[in-house]
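Please read the following report alongside the sequence and the coordinates. It takes up the contact between the chains, the core, and a few local features.

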Amino acid sequence: MIDRLLSGDRPNSRPLALVLIVIALALAFAPFLFPGTKSLDTAARICIFIVLVASYDLLLGYTGIVSFAHTMFFGIGAYGVALSLSALGASFTAILVGVLGGTAVAGALALAIGLFSLRVKAIFFAMVTLAVASAFAVLVSQLSTITGGEDGLTYRIPRVLTPAFKLLDMRILDVRIDGRLLAYYLVFVSALVLFLGLLRIVNSPFGRTLKAVRDNAFRAEAIGYRVIWYRTAATVLSACVAALAGALLAIWIRYTGPATTLSMEIMIDILLMVVIGGMGTMYGAMIGATLFILAQTYLQSLMGAAEHATGMLPLIPDLVAPERWLMWLGVLFIVSVYFFPDGVVGRLRSRG
Amino acid sequence: MSETAIRPKLVAASAGDRLRKAAPLLLAPVMALAGLIAIADPATWLTLTVAGLAMGLMIFIMASGLTVVFGLMDVINFGHGAFVSVGAFVGFTVLAWLAGWTENPAVIMNLAAVFLAILASMAVTGVLGLAFERVIVAPVYGHHLKQILVTMGGLIVAQQLIHVVWGPDAIHVARPQSLRGSVIVFDAVIEKYRLFAVAIGLVLFLGMRHVLRSTKVGLLVRAGVENGEMVEALGYRIRRLFLVVFMVGSALAGLGGVMWGLYNETITAHMGSDLMVLVFIVVIIGGLGSIEGCFIGALLVGLLSNYMTFLAPKVALVSTIALMVGVLMWRPEGLYPVVKAK
């Protein structure tokens with residue numbers, strides 16, 4: 001049963017399996033284990049980013065394509081839901097329309113970019129996506145009549161998903177059973193389904209062909225696989241899943257703006273999560289996203305403490321200030337590409 | 001054996017063939033002409049064209065290093081923008097030190113200050129390029145995926161270090177006295193600094209062309225782009241050549257950073273990575289590895305974005321993407337694809 005759910009892709013390492021089970025259980029029971037708004041928010045973000053990072057890994061780790069447009073697709077999904085909720089009012093129909101619309105647009109755009117820039121060289125794709133994504137971000141902030149510009153869009157979601165809605169009049173384990181809890185489980189279940197779906201895809205014959213294309217495109221072509229077709233299909237799939245993750249984010253935070261969905265910083269975060277977790281394994285996405293978001297939420301206050309503690313010394317306080325955390329991530333990123341190209345998952349697997 | 005049998009047959013290229021070869025060269029004038037028709041007002045058009053040329057040449061300065069580095073060693077440097085930012089900040093620091101010279105009305109003093117700033121930032125970014133190549137790029141030769149990731153990491157670290165040294169805020173850069181204001185030519189208002197930028201850009205392009213075409217180093221670089229292994233087999237150390245090219249490319253990016261900082265009069269740590277978008281578009285349009293293509297691509301992008309900023313400001317950046325798409329539809333490997341003998 002579990003084997004079928006995981007599509008036969010077992011963790012293959014006892015410590016890795018343990019870590020994954022802990023993460024999955026913690027996320028499944030997050031509202032009861034870690035009460036409080038901030039921790040619930042962190043848990044929901046982890047769910048959403050696991051899907052986002054896993055969909056990016058389908059490109060980077062399984063197909064060997066570097067894309068810088070993943071946040072664009074993420075943003076398209078989020079804006080799809082945001083726009084339709086603003087226009088049609090707070091209803092589930094609006095959410096459905098937004099999700100379908102956003103995913104379709106993301107898929108079509110990915111198809112166009114893929115068909116015209118994957119023809120030549122994979123490296124073209126990285127540069128083209130970088131250019132297209134920045135242009136898109138600029139366009140979104142310019143067209144402020146539609147998108148709200150830099151301020152973004154704030155909208156209402158169906159009442160069933162807000163804290164004002166009471167499902168049960170009692171508390172379970174001292175937790176109120178309200179709409180917010182429902183919203184969390186909507187996010188969690190969707191993320192779980194999408195993640196298992198991605199796991200299914202990479203373990204299908206299609207996924208195996210992607211790996212063949214990654215390892216030796218020339219050979220794959222010679223055997224008779226249309227490499228461009230497989231690369232483009234992977235691009236479109238990952239764009240669609242990214243758009244769905246964006247839609248989840250839009251529903252969860254009830255706000256969509258360039259800073260939360262389209263910025264280059266999020267793209268870099270995604271890259272870091274994939275590399276730290278381990279490229280080419282879906283489980284890496286789980287570990288990478290969890291570690292990264294926990295660090296982002298809680299490590300910065302630790303760095304603030306370090307800044308105060310080293311306040312007497314020259315230069316060092318500047319280097320350990322919380323604002324500099326991106327720098328250390330950059331260093332960590334370079335080091336992990338050199339020394340741990342397989343990430344946490346690769347390490348754990350090679351041991352066990 | 002009759003003599004006619006072995007005589008090589010020289011067939012003159014047909015007019016169509018010659019046109020196809022020269023077509024990329026015609027693109028920039030065609031673009032300028034199209035701009036004139038769309039804008040309709042010659043004075044405005046002249047202002048925008050000079051602005052476009054200035055912008056295009058500055059982008060060319062930044063992009064040239066990137067494209068040659070790729071052509072020579074198949075290394076793509078996503079951290080190239082870091083050199084632009086560092087160059088701009090070093091240039092700013094030097095200009096601030098020389099405030100007495102820049103506030104002086106004498107043209108000579110102003111130009112001396114600018115040239116000192118340029119030299120300083122080129123020196124710093126050149127050395128930085130050396131370190132970048134040794135520490136970050138060298139371990140991942142021949143591995144595009146890792147190169148993209150690692151150089152991106154290098155870019156993040158460099159930007160954050162700029163924050164540490166110069167603070168996180170945007171900094172205002174004052175142009176020297178004699179480069180402020182504008183002159184009026186045929187009713188068109190042209191900023192003095194833009195003329196200055198065009199002059200420097202053209203001098204650099206001609207100089208680069210001269211080095212690449214008429215010197216031994218240039219010959220080696222061109223040969224290396226075409227077939228690196230053969231150059232190595234003939235006894236030249238292509239790694240050392242490459243290191244030099246990488247340093248020069250980084251120094252040119254630093255130079256571009258100073259010029260761009262003076263052009264915009266504000267500098268930020270992420271100006272380099274913002275500019276990289278245009279630089280990549282230019283490099284793709286020109287064909288990876290080609291200097292001439294890069295030059296034409298830069299002029300096209302500069303002209304187009306200035307015309308579009310005037311005609312439809314909201315879609316200026318999107319229009320350059322459209323240009324790139326158009327060029328790639330026409331020539332999938334860019335205007336002048338570099339033929340690799342591999």
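The sections below go from the whole chain and the interface to single elements and residues of this predicted model.

## Overall form of chain B

Chain B is built from 14 helices and four strands, and its C-alpha trace spans about 80 × 55 × 40 Å along the principal axes. Its radius of gyration is 21 Å, which agrees with the value near 20 Å that a compact globule of 342 residues would have.

Half of the chain is enclosed by this count, in that 50% of the 342 residues of chain B count as buried. Among the contacts in chain B with a separation of 6 or more, 78% join residues that are 24 or more positions apart.

## The contact between the chains

Across the interface, 35 residues of chain A are in contact with 31 residues of chain B. On the side of chain A, the elements that give two or more residues are helix H7 (122-142), helix H14 (264-277), helix H16 (316-320) and helix H17 (325-339), and the largest share, 14 residues, comes from H7(A). By residue class, this side of chain A divides into 27 nonpolar, four polar and four charged residues.

One of these contributors, H14(A), has 14 residues and reaches 20 Å from its first C-alpha to its last, close to the 20 Å expected at 1.5 Å a residue. Because 11 of its 14 residues are buried, H14(A) is largely enclosed by the rest of the structure; the buried residues include A:Met267, A:Asp269, A:Leu272 and A:Gly277. The helix is followed by A:Gly278, whose phi is positive, near 130°.

## The nonpolar core and B:Gly297

The largest nonpolar core has 232 residues, and those with the most contacts inside it are A:Ile48, A:Ile50, A:Val53, B:Met58, B:Ile59, B:Val279 and B:Val282. Helix H3 (residues 42-73) of chain B gives the largest share of this core, 20 residues. Leaving aside residues up to four places away in sequence, B:Val282 touches B:Ile59, B:Ala63, B:Cys294, B:Gly297, B:Ala298 and B:Val301.

B:Gly297, one of the residues that B:Val282 touches, is found in helix H13 (residues 291-311) of chain B. With 34 other C-beta atoms within 10 Å, B:Gly297 is buried, since 20 or more suffice for that class. Beyond residues up to four places away in sequence, B:Gly297 touches B:Val282, B:Ile285, B:Gly286 and B:Leu335. By contrast, the C-alpha atoms of B:Gly297 and B:Tyr193, which are 104 residues apart along the chain, are separated by 22 Å.

## An open strand pair in chain A

Strand E2 (residues 166-172) of chain A lies largely in the open, because the number of buried residues among its seven is zero. E2(A) pairs with strand E3 (residues 175-178) of chain A in the antiparallel sense over three bridges, and within this pairing A:Lys166 stands opposite A:Asp178 in E3(A).

## Positive phi outside glycine

In chain A, A:Arg254 has a phi near 55°, a positive value in a residue other than glycine; A:Arg254 is found in the loop between helix H12 (227-253) and strand E4 (255-256). With 17 C-beta neighbours inside 10 Å, A:Arg254 counts as partly exposed.

In chain B, B:Glu265 has a phi near 65°, again a positive value in a residue other than glycine, and B:Glu265 is found in the loop between helix H11 (238-264) and strand E4 (266-267). B:Glu265 counts as partly exposed, with 13 C-beta neighbours inside 10 Å.

Methods. Residues are numbered from 1 along each chain as its sequence is written. Chains are lettered from A and ligands numbered from 1 in the order in which they are written. This is a predicted model: local features need pLDDT of at least 70, side-chain atom pairs count only at pLDDT 80 or more; totals for chains, interfaces and linings use all residues. Two residues are in contact if their C-beta atoms, placed from the backbone, lie within 7 Å. Ala, Val, Leu, Ile, Met, Phe, Trp, Tyr, Cys and Pro count as nonpolar, Asp, Glu, Lys and Arg as charged, and the others, Gly among them, as polar. The radius of gyration is taken over C-alpha atoms; the globule rule is 2.2 Å times the number of residues to the power 0.38. A residue is buried if 20 or more other C-beta atoms lie within 10 Å of its own, exposed if 12 or fewer, and partly exposed in between; C-beta atoms are placed from the backbone. A nonpolar core is a set of buried Ala, Val, Leu, Ile, Met, Phe, Trp, Tyr and Cys residues joined through C-beta atoms within 7 Å. The expected span of a helix is 1.5 Å times one less than its number of residues. Two strands pair if DSSP finds at least two bridges between them.
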